[in-house]
Amino acid sequence: MPRRRIGRTTDLRRGDRVRGQRTRLEGTAVSDGFARFTDRSVVAMRVNGDLKDLATTLTVDDVVEPVTIDSADGLAILRHSTAHVLAQAVQRINPEARLGIGPPVTDGFYYDFDVAEPFTLEDFKPLQKEMDRIIRQGQRFVRRVVTEDEARAELENEPYKLELIGLKGGSDAGDAGESVEVGGAELTIYDNVDPKSGETVWKDLCRGPHLPSTRMIGNGFALMRVAAAYWRGSEKNPQLQRIYGTAWPTKDELRAYQARLEEAAKRDHRKLGRELDLFSFPEEIGSGLAVFHPRGGIIRNEIENYMRERLIANGYELVNTPHITKGHLFETSQHLNWYKEGMFPAMHLDAEYDADGELTRQGQDYYLKPMNCPMHNLIYRARGRSYRELPLRLAEFGTVYRYEKSGTLSGLTRVRGLTQDDAHIYVAPDQVKEELARQLEFVLETLRGYGLNDFYLELSTKDPEKFVGTDEMWEEATETLRQVAVDSGLELVPDPGGAAFYGPKISVQARDAIGRTWQLSTVQLDFNQPELFELEYAAADGSRQQPVMIHRALLGSIERFFAILLEHYAGAFPLWLAPEQVVAIPVADEYAPYLEEIVARLTSAGVRASVDRSDDRMQKKIRTHTTGKVPLQLIAGEQDVAGGSVSFRFLDGTQLNGVPVDEAVERIRRAIAEKELVLTAWAE
RNA sequence: GCCGACUUGGCGCAAUUGGUAGCGCAACGCUCUUGUAAAGCGUAGGUUGCGGGUUCGAGUCCCGCAGUCGGCUCCA
């Protein structure tokens with residue numbers, strides 16, 4: 001049977017026509033993907049819906065679709081095959097290395113190895129070289145079905161693979177990575193065959209499918225980083241050494257990917273936070289505990305002030321609660337039961353001892369609060385509640401402390417001290433649906449105010465291992481959330497098992513300026529706490545009823561939201577958020593008084609403006625404030641003074657010269673009031 | 001918490017095989033500055049994250065701790 005088609009002359013016209021279409025074999029000839037698809041970019045195919053190698057034999061009745069290398073499936077196959085090449089290279093260099101798993105992941109792949117010495121970056125060069133050699137050799141990936149016994153015999157030196165073979169029989173071979181190895185209906189080994197000698201040079205237990213030849217990997221791959229990873233994802237298991245790589249159909253696409261990473265690195269909020277003097281993490285205070293500098297403080301306050309305006313305009317009542325509480329409260333709320341690991345350890349206070357060291361007064365445990373809801377429940381419970389008060393919406397910028405593991409801390413996005421914009425809404429059961437819809441609308445509208453406007457929703461449903469309440473409650477609430485989500489018209493992604501133990505939730509995911517998604521707001525039902533806290537209200541008929549509780553965080557944490565906005569805007573904030581909104585630069589010092597007058601008008605109108613009277617030259621000042629991301633520079637010299645005007649310079653270097661002062665002041669005020677993002681000269 | 005890498009003045013970086021810390025920016029001072037991204041000269045600033053050890057000698061080597069980064073696990 002004809003096999004290799006890579007590198008031969010192909011009929012691209014036919015390939016183009018065939019691409020993406022289902023075809024049915026005509027006549028009676030037995031065929032395979034090579035015969036069927038002549039387009040070189042076709043690397044695999046879907047046969048009756050299943051991904052298969054091109055070498056798979058096709059029958060007359062098969063419905064076959066081509067899988068091109070640039071499709072999602074094709075990229076995954078490319079990356080998976082590249083992972084195999086990496087593993088082969090590793091074992092060529094270090095025959096002692098034992099294989100873990102090597103699946104494709106977003107934008108790349110990884111392969112886990114058990115090696116005596118962890119990999120370092122220095123290992124990459126020889127590994128890449130070896131991979132190049134394997135790729136140029138044009139090894140064929142050849143699928144071979146084996147029995148369990150055969151597989152065990154062939155892989156006797158690969159203990160991890162043997163473990164996977166053992167798992168296949170069991171019920172728990174469900175993990176995404178593992179299923180790449182043994183997830184198929186039958187056990188298969190992929191042989192890497194030297195096309196010249198026909199000799200098998202390497203092999204791996206694998207479900208496939210794979211590229212027809214290593215040659216198709218080309219030069220669009222790169223090794224990225226090393227890491228350790230627990231075998232089969234459990235910290236109870238030993239750690240393997242993982243190498244991450246990326247692979248693309250062409251070198252250009254690889255370069256584009258690397259450029260995207262660089263763009264993201266440029267926006268890194270930790271870097272910008274330092275450069276723009278916004279915040280820091282003093283070692284003296286402790287890991288994951290941020291301090292906001294004056295400029296960061298302005299941004300943070302603007303974020304909060306806008307939020308407060310929105311809350312008040314939407315029927316919320318602002319409350320305030322302490323940061324520390326007796327342990328009993330978190331026993332009532334069950335946090336000490338479910339989440340003690342994530343809480344700072346107790347402070348044991350008020351115990352007294354006599355001279356003999358005997359306890360004379362019982363002390364008690366106080367905890368830093370990891371959540372605000374128990375405190376809000378106490379406010380609800382502070383007096384009798386009537387159905388007339390519902391929905392009762394309590395909101396707070398509540399600072400909480402969580403003992404995150406040291407290895408998980410990361411800039412402002414994962415901290416130990418954070419301020420949640422936290423709201424708890426207590427409603428009668430028949431108000432749930434309307435309130436949820438209202439909340440979702442409120443959340444989206446508010447996020448748009450911050451300049452985010454590309455959203456999708458995620459519905460997190462019951463984790464069968466970890467939940468309270470009845471199945472009926474969950475089903476009803478989940479269905480309500482689903483309806484509200486569907487009514488919003490936004491894309492809805494299911495997150496099965498992702499809910500917290502006390503209720504299902506909807507979360508809003510926002511895409512930022514460079515297409516990354518962040519989980520922001522959550523709207524979450526809670527059947528548990530109203531019961532634990534014995535919350536109730538007097539219904540119209542005088543009976544006592546239990547309210548339903550809705551947790552609603554809009555920004556997540558202020559710190560994390562700050563980081564997201566900082567990266568979204570790459571430090572160049574919309575006018576209303578910018579720490580310095582206007583800097584005035586005189587062409588020479590003698591024009592400074594003229595600008596002082598204009599700036600005085602601006603500051604008295606609430607604009608954050610100043611005149612740069614340092615003894616730098618004008619060009620230097622322009623540079624300083626451009627790199628400092630000040631959105632508006634006002635420049636004046638002889639011409640503007642004579643004309644009673646002023647000249648604007650914008651962040652991208654565009655200018656608007658000779659603007660009458662009254663007009664300039666008014667335009668600036670308007671841009672702030674309307675939350676404009678001003679990066680270039682505005683069109684009048 | 002686990003694995004690995006890293007930690008030099010406010011920031012970004014240098015310091016041959018271990019020989020006793022330099023540069024740029026920022027800061028400060030002086031002189032200069034007339035139209036849109038870096039004027040010139042000078043001054044000050046570091047017990048090289050912290051604590052031990054090896055050595056005649058440690059920023060360089062070893063051990064411990066802390067912090068940061070990349071992953072894993074976790075994320076109410």
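Q: How do β19 and β22 pair, and over how many bridges?
A: In this predicted model, β19 and β22 (residues 364-368) run antiparallel and pair over three bridges, where pairing requires that DSSP finds at least two bridges between two strands, and strands are DSSP runs (E, at least two residues; helices H or I, at least four) numbered from the N terminus.

Q: Which residue stands opposite H348?
A: H348 faces D365 in β22.

Q: What sheet does that belong to, and which strands are at the edges?
A: The order is β18-β22-β19 in an open sheet of three strands with antiparallel pairing, and the edge strands, β18 (324-326) and β19 (347-349), each pair on one side only.

Q: Before the RNA, what conventions apply?
A: Local features need pLDDT of at least 70 and side-chain atom pairs count only at pLDDT 80 or more, while totals for chains, interfaces and linings use all residues. Residues are numbered from 1 along each chain as written, chains are lettered from A and ligands numbered from 1 in written order, and side-chain values use heavy atoms, without hydrogens and water.

Q: Which residues come nearest to RNA strand B?
A: Y230, Q239, K620, Q639 and R649 do, out of 53 residues around RNA strand B, a residue being near if one of its heavy atoms lies within 4 Å.

Q: Which element gives the largest share of that surface?
A: That is α19, with seven residues.

Q: What do E590 and R617 touch?
A: Each has a polar side-chain atom by a base oxygen of RNA strand B, at 2.9 Å for E590 and at 2.5 Å for R617, where a polar contact is a pair of N or O atoms within 3.5 Å.

Technical notes
A polar contact is a pair of N or O atoms within 3.5 Å; within protein, one must be able to donate a hydrogen and the other to accept it, and residues adjacent in sequence count only if both atoms are side-chain atoms.
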